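The following paragraphs lead the reader through the strands, cores and disulfides of a protein chain. The sequence and the structure are shown first.

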Amino acid sequence: MSCAISYYLLFVFPGCRLLAVELTSSNTRPVVKEFQSVELSCIIKSTVTPDPRIEWKKIRDGETSYVFFGNKMQGDFATRAEILSRTSLVIKNTTRMDTATYRCEVAAPSDTKTIDEINIQLTVQVKPMTPRCSVPKAVPVGKSASLHCHENEGFPKSTYSWYRNSEPLPADSKSSTKPHNSSYTLNPATGTLVFHAVHKGDTGHYYCIATNEAGFAKCEEQEMEVYDLNIGGIIGGVLVVLAVLVLITLGICCAYRRGYFANGKESGESYKTPAKPDGVNYIRTDDEGDFRHKSSFVI
């Protein structure tokens with residue numbers, strides 16, 4: 001009967017609104033830094049139900065779980081969350097795992113429209129951790145050099161900047177106002193700094209800073225030395241090695257000639273016939289091909 005009356009009033013008075021539960025929020029996309037508190041605003045804009053049922057759900061990676069149900073907090077929210085102003089949700093000591101969509105649902109049985117809901121997208125920003133930096137210790141003049149910087153804990157993803165001797169390197173090497181004519185490519189998204197052809201002016205102490213909306217972190221500085229390639233010294237070293245090899249070869253040849261490397265095996269030329277005992281004559285026959293002996297007795 002009440003519904004019929006409501007529809008009749010709406011027909012007679014078009015400006016009249018039906019009594020229905022309706023939700024609104026002061027901020028549907030709150031952003032908070034890790035370990036801070038945040039309020040997820042859920043406001044009942046209109047209802048005639050004196051005690052509507054309130055529920056909060058968390059939706060993350062396609063899975064839905066209860067935050068507030070049956071007039072009490074659920075799971076780990078029991079010790080770090082509370083309801084504020086009857087419907088809003090306050091989360092304390094937020095972590096990166098709290099980044100998710102939260103749904104505020106209100107059931108009002110006495111209203112014409114008995115259920116309404118609103119989604120709140122919470123983002124928890126996480127400060128970068130100390131990045132891992134890789135800097136070559138020594139590079140010859142004219143060669144390329146790659147410096148790397150990366151960390152994967154910060155949220156949103158970090159961007160990277162490089163410093164030499166505590167001075168920032170511009171993202172575009174051509175935009176530098178200093179006379180230092182260095183040619184490099186810097187990728188702020190990956191943290192890679194590549195020198196295409198280093199020269200002496202690139203020598204210095206390098207470090208990287210990772211930055212996002214939650215803060216920044218710096219790695220320890222490392223020294224890169226650019227040295228001249230001594231062509232004359234290299235040629236001289238090669239000649240010395242060749243001279244040593246020639247001397248070793250000559251020494252081995254001389255040793256062979258003097259018989260220092262002869263083995264202990266007796267050859268046919270150096271074999272000496274054993275002494276013939278008295279009274280024994282060795283006779284070799286053509287048929288036997290070997291030595292035979294005959295004894296002679298002297299009387």
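How many bridges join strand β19 to β21? The structure discussed here is a predicted model, and in it three bridges join strand β19, residues 204-212, to β21, the two strands running antiparallel. Within this pairing, H205 stands opposite E223 of β21. Strand β21, which covers residues 222-227, also pairs with strand β13, residues 138-140, in the parallel sense and over three bridges. There, P140 is the residue opposite Y227 in β21. Strand β21 therefore takes part in an antiparallel pairing with β19 and in a parallel pairing with β13. Strands of a sheet pair through backbone hydrogen bonds, in either the parallel or the antiparallel sense.

An open sheet of six strands is found elsewhere in the numbering. Its order is β2-β11-β10-β5-β6-β7, and its pairing is mixed. The edges are formed by β2 (31-33) and β7 (72-73), each of which pairs on one side only. At the β7 edge, the partner is strand β6, residues 63-69, and the two strands are antiparallel over two bridges. One detail of this contact is that F68 has M73 of β7 as its bridge partner.

The nonpolar cores come next. The largest nonpolar core holds 25 residues, and those touching the most other members are L40, W56, L89, I91, Y102 and L122. At least two residues of this core come from each of β3 (38-40), β5 (53-60), β6, β9 (88-91), β10 (100-107) and β11 (115-125). A second core, separate from this one, has 23 residues, among them L193, F195, V198 and M224.

Three disulfides are present in the structure. With the bonded cysteines counted along the chain, their pattern is 1-2, 3-6, 4-5.

A disulfide joins C42 to C104, with a distance of 2.0 Å from S to S. The angle about the S-S bond is -70°, and the link is left-handed. Because C42 lies in the loop between β3 and β4 (43-46) while C104 belongs to strand β10, the pair ties together parts that are 62 residues apart in sequence. Both C42 and C104 are buried.

Another disulfide joins C133 to C219, again with an S to S distance of 2.0 Å. This link of C133 and C219 is left-handed, with -100° about the S-S bond. C133 is in strand β12 (residues 132-134) and C219 is in the loop between β20 (215-218) and β21, so the pair connects parts 86 residues apart in sequence. C133 counts as buried because its relative accessibility is 17%, and buried means under 20%. C219 also counts as buried, at 4% relative accessibility.

C149 and C208 form a further disulfide, with their sulfur atoms 2.1 Å apart. The link of C149 and C208 is left-handed, at -80° about the S-S bond. As C149 lies in strand β14 (residues 145-150) and C208 in strand β19, the pair ties together parts that are 59 residues apart in sequence. C149 and C208 are both buried.

Why does C253 form no bond with the closest cysteine sulfur, in C254? The sulfur of C253 is 6.9 Å from that of C254, which is too far for a bond, since a disulfide requires sulfur atoms within 2.5 Å. For C254, the closest cysteine sulfur is in turn that of C253. C253 counts as partly exposed at 39% relative accessibility, and C254 is partly exposed with a relative accessible area of 44%.

Technical notes
Residues numbered from 1 in each chain as written. Predicted model: local features only at pLDDT ≥ 70, side-chain atom pairs only at ≥ 80, totals over all residues. Heavy atoms only, no water. Pairing = 2+ DSSP bridges. Helix = DSSP H or I, 4+ residues; strand = E, 2+ residues; numbered from the N terminus. Core = buried A, V, L, I, M, F, W, Y, C linked by side-chain atoms within 4.5 Å. Buried < 20%, exposed > 50% of the residue type's maximum accessible area, 1.4 Å probe, protein only.
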